[in-house]
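Colleague: I should be grateful for a close look at a single part of this model. Please describe what surrounds it, and explain any terms a first-year student would need.

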Amino acid sequence: MSFHRPILSIALLGLGLAACHPDAAPPKPNIVLIVADDLGYGELGSYGQQRIRTPTLDRLADEGMRFTRHYSGSPVCAPSRATLLTGLHTGHAVVRDNDEMTERGDVWGDTLIEGNHPLPPETYTIGRMLQDAGYVTAAIGKWGLGGPGDSGEPNLQGFDHWYGYMCQREAHNYYPTHLWRNGTRETLPGNPPFRAHQRLPAEADPDDPASYAKYRGETYAMDVMMEGAVAFVQEHSEQPFFLYLPFPVPHVALQVPDESVADYEGQFADAPYPGDRGYLPNRTPRAAYAAMITRMDEGIGDILRALDDVGVAENTVVIFTSDNGPTFNGGTDSEFFSSTGGLRGLKTMLYEGGIRVPLIVRWPGRVAPGAISDHVSAFWDFMPTLADIAGAARPLQTDGLSMVPVLTGDAAAQSIHERLYWEYHGGQALVSGQWKAVRSDTEAPVELYDLTADPTESTDVSASHPDVVERLLGEMDSARTPSAFFPLDRTKAARLGRVRRACGLISASAREVLGAAPETGVDPGGPGAPDPTCTVALRQDADGAPAGAEPSRAIREAFDAAGWEEDLGVAADGAGTTAFAYSQENVRCEVSAGRPASLVDGEIVADGTVYLEAGCHTSD
Ligand SMILES: [Ca+2]
C-alpha cells in the first residue's frame, strides 16, 4: 500500500535506521495478468471442476487468494476487455458490445478485413498507466479492441510489445495463417488458410480422424503465444514489467494438438460434432474442450517456471481470470462439464453464469496462501488495484475500487461497491448488496433476485419487492451515459446495424471489382441527428484498377442479388459515371460510381481515376 510508505520512512528515520536502508521502497512488483476466453466459473479444479484437469491453476489458488464473487466486464469478449483496460464499466465504456464494423465489406468472409471497434486515440489504459509508472508493458493473446493501422492497435494503447490476434474473428481459428507482432504481420509456418466456420461434409466419415485433418495446421497459436510470454519474462527480469495475457482459449473452435486430446480420449462419452452449431467440426468435442483448458494450464505452468528461473517470482503478482462465462455453441457442452458451477446462464447473458468468473491472485509475502474471499469485485477494479500495486498515480476516472486492502488481509479497510452495473445488447443488470436486477431488454420487465438466498437466480422476487425494483431501476438509469455506437435501445441499434451492413454491401463490391479497400465512415446519429448514416468512398488511379472494371455494375448486381429495389427516378449522368439509388425497407443508399468520360471514350490516360462515392441512411 503505497500510502503507508512515507509513514514507514519517517519511522525508520526516527530509529536512525535510514542509513541502513537508503532505498526504503522495495522494487515495484511485476504484474502478470492472465485472462482466459469464455472460461466458466466452474471450470477450474479450485472452483469445483471434476472433469477438466487444471493442476497449475489449482496450485496458484493454493498459493494465493481465490475470489468467489468476481465479475467480468461483460458477457462477451470485446467490451469485457475494454472495461478491464480502461477501468470503466459498460455504462461508461467506449466499447459496449462486439462490433465487427460491417460497413467495411464481407467481414466474416474476407480475411483481408481485420479488427474490431477500436479504442479511440489517447485512451487511458492500464498499459499507459503502468508505462507512466516505469513499467515495460506487453500484451500477448487476443486483442479485440482495434485492428491493423487504426487507433486501437495495442502499441498505441499503452503496450511496448504486442503479439497475437488483433482481430477477434481471426481468433476463431487456432491455426491462423498469421499473428501480429507489433505492427508486423507474421506468417505462422504450416497453417493453410481455411474458414473457421464449416460443417463436416455429408460424405465424410465422422468417426475417421482423417475427416478432420483439414481443420488444422502445424502451428498452434496458443503454443507460440505461450513461448512469447516465457521469452518476455526471460528478457525483462531487470525492469518492472506488466505482462497482459488475454489468451484466446477455451473459446471455440474446438482445436487442440492431438497429444493433448490423447490425455482425455476415452474418458468421456463423446460423439462427433459435425459443425451444425457454428465453428469447426470435431471428432471428440468433450475431450478436445477439456484438453484446450489443460494445455493452457500447462502453458501457464511454463510461465510460472520462467518467473522462478529468472528469480522474480517472489516479487511478481500473478492474476488469473476469464473475460466471460462459458459458451453454448461450437460443439461445447457446458452442462456436461458443469461449466458455470451451477450458476444460471451462459455467455451473452447477464445472469451470473454469463458474468461471474474465477479470480485468483498470487502475491508472495502479501497475499495469504490459500485464502478465499467473497469480496464483490469486477473487471473495472483492475485499474485502481494495479495502480496501488505499482505505486502508480490513481486513475482520475474509474468505476473501480482498489482491491489491495482485501488482498493484503486488511478486509476492514476494503471499500465496498455500492453497485455494479452492466449493459449488453439491450439488456441491463445491476448488483446492489444482496439484490440483483436484470432485464433482457429495456422494454422487458425487471427480474429481481436475492443473490444471498438464491445465488442461482431461480426465483424472481420482483413482485414482492416493488420498492427495491423501483430503486434499482433508477440506479440503472443513473449508472450510465448514452452511447451513440452502442445504443441501449434495440430499435436504434438495429437501425444502425442495417445502415452499416448496407454500406458493407457496397464496400464488398468495391473491394472485389476495384481491388482496393474503400474508406468508410459511420455517423451513428444521436439526439440531435437521430438517423444513422454511413459513407463509402474510393478514388484510385486507373492504372491500379482492373481493366474493364465497372464499379457501378458490380454494385448494382450486389443490390439486385440481395433483393433491394432500384429507385428508377435517379438518372445516370451519361458521362462515364452513374448515379443511382437502391432502397430496402427503411434504408436507402445513393451511389455515384464509374470513370470520368475522358477515360471511357477510348483510351485510359495515366492520370485518370476511378471513383466511388456512396452513402446510406435510414429513412423512417
Ligand atoms: Ca470471451
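**A buried residue and two helices**

Modeller: In this predicted model, Phe247 has 27 other C-beta atoms within 10 Å, and because 20 or more count as buried, Phe247 is buried. Phe247 belongs to strand 8, which covers residues 241-250. Setting aside its neighbours within four places in sequence, Phe247 is in contact with Ile34, Val35, Ala36, Asp37, Gly141, Met222, Met225 and Met296. By comparison, Val107 is 140 residues from Phe247 in sequence, and 23 Å lie between their C-alpha atoms.

Two of these names, Met222 and Met296, lead on to a pair of helices. Two packed helices are described by the angle between their axes and the distance between the axes. For helix 5 (residues 221-235) and helix 7 (residues 285-309), the axes come within 9 Å and cross at roughly 10 degrees. Angles under 35 degrees count as roughly parallel, and therefore helix 5 and helix 7 are described as roughly parallel to each other. Their crossing is right-handed. Helix 5 contributes Met222, Met226, Ala229, Val230, Val233 and Gln234 to the contact, while helix 7 contributes Arg295, Met296, Gly299, Asp302, Ile303, Ala306 and Leu307. By class, the residues of this contact are nine nonpolar, two polar and two charged.

As for the wider setting, the chain is divided into domain 1 (26-413), domain 2 (426-478) and domain 3 (490-618). The centres of domain 1 and domain 3, taken over C-alpha atoms, are 39 Å apart.

Notes: Residues numbered from 1 in each chain as written. Predicted model: local features only at pLDDT ≥ 70, side-chain atom pairs only at ≥ 80, totals over all residues. Axes fitted to C-alpha atoms, helices over the stretch in contact; angles between N-to-C directions. Helix = DSSP H or I, 4+ residues; strand = E, 2+ residues; numbered from the N terminus. Parallel < 35°, antiparallel > 145°, perpendicular 65-115°, else oblique. Left-handed = near helix turned anticlockwise from the far one by under 90°. Contact = placed C-beta atoms within 7 Å. Nonpolar A, V, L, I, M, F, W, Y, C, P; charged D, E, K, R; others polar. Buried ≥ 20, exposed ≤ 12 C-beta atoms within 10 Å, placed from the backbone. Domains from an automatic or database assignment.
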